[in-house]
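Visitor: Could you take me on a close look at a single part of this structure, the place where the two chains meet? I'd like the walk to carry on into whatever lies around it.

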Amino acid sequence: MTAPRDDILANIRRSLGVSGAEAPRRANVATRLENAPRGLIPARGQLGPAARVAMFKEQAKRAQASVTQVARPQDVPAEIARFLRDRNLPATVRIGADARLTAMPWSETALEVSAGRSDGGDPNAVSHAFGGVAESGTLALVSGPDNPTTLNFLPDNHIVIVSAVDVAGDYETIWQRLREQTGKGAMPRTVNLITGPSRSADIEQTLLLGAHGPRTLHIIIVGEPQPSGG
Amino acid sequence: MTVHTTSPQFKENAHEALRDAPLQKALNNMRSGFIERRALAAAELPEFERLRDSARDIKKHTLQHLDLYLEAYEKKVKAAGGYVQFCRTPAEANAAVLSICKARGARIVTKGKSMISEEMGLNEALIAQGITPVETDLGEYIIQLRGEIPSHIIAPAVHLNKEQVEADFRRVHTHLPKDRVLTEPTQLLTEARAVLRERFLAADVGITGANFLIAETGTSIIVTNEGNGDLTQTLPKVHIVLASLEKLVPTLEDVSQLLRVLARSATGQDMSVYTTFSTGPRRPGDVDGPEEYHVILLDNGRSAMLGGEFEDMLRCIRCGACMNHCPVYHAVGGHAYGWVYPGPMGAVLTPSLIGVDKAGHLPNASTFCGRCEAVCPVRIPLPKMMRHWREREFARHLTPAAFRSGLRLWAFFAKRPALYKFATRIGMGVLGLAGKRSGRFKSLPLAGGWTDFRDMPAPQGRTFQARWAKEKRAR
């Protein structure tokens, strides 16, 4: 009996009427994987830096996230303290090892900060996004000790920091930036594209927030986008 | 086939469904919402129609080179420290999952939503080995409590009303106070969240499906709104991905094109809440994530569909738009179809996977209104393929004798145009006169299947052919 793998590949080739060795087919595949051609990019997100950030905000709010903007990284802890106080939430946050987060002046607030992954007992978590996507108000988060994936899903309230300069128009720009970090053809263990807080409409198509993941998603945009190209 | 099928009894199923009052109430709920939301999302994106072309072309290209993309994908998964197992049949796939679970001594397995798992009948296979599968998608959880299969590929419990869910929760969650209030969907959701949170944290293995697999990077992708799939795959020590061969796409750029049409077609969202890209297990330095990452790649008849008249069906990205827009699905719901995949996509796919002898009724359950093809994000010619199945069914003499003789009678007239014109004119005249007073028939001889559920309108004016000839002359 042949191994399932070889059997399946042989079946596919028989159905397609190919041997698998044809040079033009192999070239088609190699070229596509190497060049990764961009498809059709919606015009919606193709804006100058300021308009792009404005669209990101608008789209994220449409997906039921709340969004604010602060001028500098050192303003972030105070903004988080305000957000939690306004919503009557506990003044504690869980963060990863991201230097952009650990360098913030947490001690200037009354927030209790703990570090590491979540085991489900943390009401609030703070992550730093790799970037944002304006066309759909989506955040891109990358796994690792800096921003553990459990922080994105277990806490009730997820607060995500994104630098204004990292807000792209489209997903393709995010992939290009990732490749510059990880090399072409490699990926971080997990990339989470997050658009709004968790929800379900499984009971009578009634849309409810807070299914299994965070009930609220609060986005803090830091700084201004580079003033270039409009 | 491990999954029990009632597809051969489609007609009986459909009759029962039409008389099922709670089902009809639930279906009434879903008829307009999905359609309106998709239409709005499509209208808001000027490039939507061209993105559908792009999505179709990407899938076509991938299927034409599927052997090579599978090899490239497998290489990348291994390079990232993951494992890939090719499985020809559901039995092989179940055995592969069980052997991974046993190696880890798994007792509780959490599951994200996976239609491949339904195809495999995996839950039964796990239970038989003393392993407890826990469905974590809210809809899947509800139907698991009821011992049912999904009635919709993205809204598995769409056939239920909240009162039914309340009764199930009270029956199963016996550790909670009896006097708690569970009348609103939000109370039901809160209860399910709390119950399932404990299961997420206790699970030994997490099993998810995959919306896409990326050859360029060896990545699997899940798309969810609840976040259940992410908790399923992040918390346990082992993550198993169940996918069928046709989930492959070449690159991150290609999957971005498909994502732009997927959520819009499914729920009318620009993007679903969580689109998660997973590549291999935990990396050095990681403080969370699975220690093992396995991909089970199921064929189950798909390799034989390539190169034939049903190849286009393999483009399907499982958005559910075809069933959301289908008048037959709206009337009878998903369970009547009798197997894993309902609606128009199921009517084409099910005969391919379990045989036209068992599922021959499904391609006949269509009015050929064409709405499914009109909304399909990858432009699958669903009505054309249902026609192919009808032809095969006829050629294999699987259709009933009365139907065949009726068709033969029709063919006799259709081959003789003058006689056909004459006979239809007489027939219409008679029916028109007989139904003149009320304009409709409450019952008709030989047409009880129609008039039991709705009136037959009485014909008015002249035949289609007569009008056609007249209007042609007038031009």
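Guide: Here's a walk from the contact between the chains, through the strands, to the core and a couple of odd loop residues.

Bear in mind that this is a predicted model. Its scores are ipTM 0.97 and pTM 0.93. For chain B, pLDDT averages 94, and 99% of the residues reach at least 70.

Start with the contact itself: chain A puts in 63 residues and chain B 77 residues. On the chain A side, the elements that each supply at least two residues are α1 (4–16), α2 (23–35), α6 (150–153), α7 (171–182), β9 (190–194) and β10 (199–200). Of these, α1(A) gives the most, with 10 residues. Sort that side of chain A by class and you get 24 nonpolar, 26 polar and 13 charged residues.

Now zoom in on β9(A). Across the contact, β9(A) pairs with strand β9 (residues 274–278) of chain B, antiparallel, over five bridges. One spot to click on is Thr190(A), which stands opposite Ser278(B) in β9(B). As a reminder, strands of a sheet pair through backbone hydrogen bonds, either parallel or antiparallel.

That pairing belongs to an open sheet of eight strands, in the order β8(A)-β5(A)-β6(A)-β9(A)-β9(B)-β6(B)-β5(B)-β8(B), with mixed pairing. Its edge strands are β8 (167–168) of chain A and β8 (248–249) of chain B, each of which pairs on one side only. At the chain B edge, β8(B) runs parallel to strand β5 (residues 212–214) of chain B, and two bridges join them. There you'll find Leu213(B) opposite Leu248(B).

Back in chain A, have a look at strand β4 (residues 124–128). Five of its five residues are buried, so β4(A) is largely enclosed by the rest of the structure. Asn124(A), Val126(A) and His128(A) point one way, while Ala125(A) and Ser127(A) point the other. That's a familiar pattern: in a regular strand the side chains alternate between the two faces of the sheet. Strand β2 (residues 92–95) of chain A runs parallel to β4(A), joined by two bridges, and Ile95(A) has Val126(A) as its bridge partner. Strand β7 (residues 157–163) of chain A also pairs with β4(A) in the parallel sense, over five bridges, with Ser127(A) opposite Val160(A).

On to the packing. The largest nonpolar core has 185 residues, and those with the most contacts inside it are Ile219(A), Leu258(B) and Ile296(B). Helix α13 (residues 252–266) of chain B brings the largest share of this core, eight residues. Leaving out residues up to four places away in sequence, Leu258(B) touches Ala55(B), Ile58(B), Phe212(B), Val249(B) and Ile317(B).

Two loop residues round off the walk. Glu204(A) sits in the loop between β10 and β11 (208–209) of chain A, and its phi is near 55°, a positive value in a residue other than glycine. With 18 other C-beta atoms within 10 Å, Glu204(A) is partly exposed. Over in chain B, Arg318(B) lies in the loop between α14 (302–305) and α15 (321–324). Its phi is positive too, about 60°, although Arg318(B) is not a glycine. Arg318(B) has 16 C-beta neighbours inside 10 Å, so it counts as partly exposed.

Finally, step back to chain B as a whole: the domain assignment gives domain 1 (7–303) and domain 2 (413–474), and their C-alpha centres lie 48 Å apart.

Technical notes:
Residues numbered from 1 in each chain as written. Chains lettered and ligands numbered in written order. Predicted model: local features only at pLDDT ≥ 70, side-chain atom pairs only at ≥ 80, totals over all residues. Contact = placed C-beta atoms within 7 Å. Helix = DSSP H or I, 4+ residues; strand = E, 2+ residues; numbered from the N terminus. Nonpolar A, V, L, I, M, F, W, Y, C, P; charged D, E, K, R; others polar. Pairing = 2+ DSSP bridges. Domains from an automatic or database assignment. pLDDT = per-residue confidence, 0-100. Buried ≥ 20, exposed ≤ 12 C-beta atoms within 10 Å, placed from the backbone. Core = buried A, V, L, I, M, F, W, Y, C linked by C-beta atoms within 7 Å.
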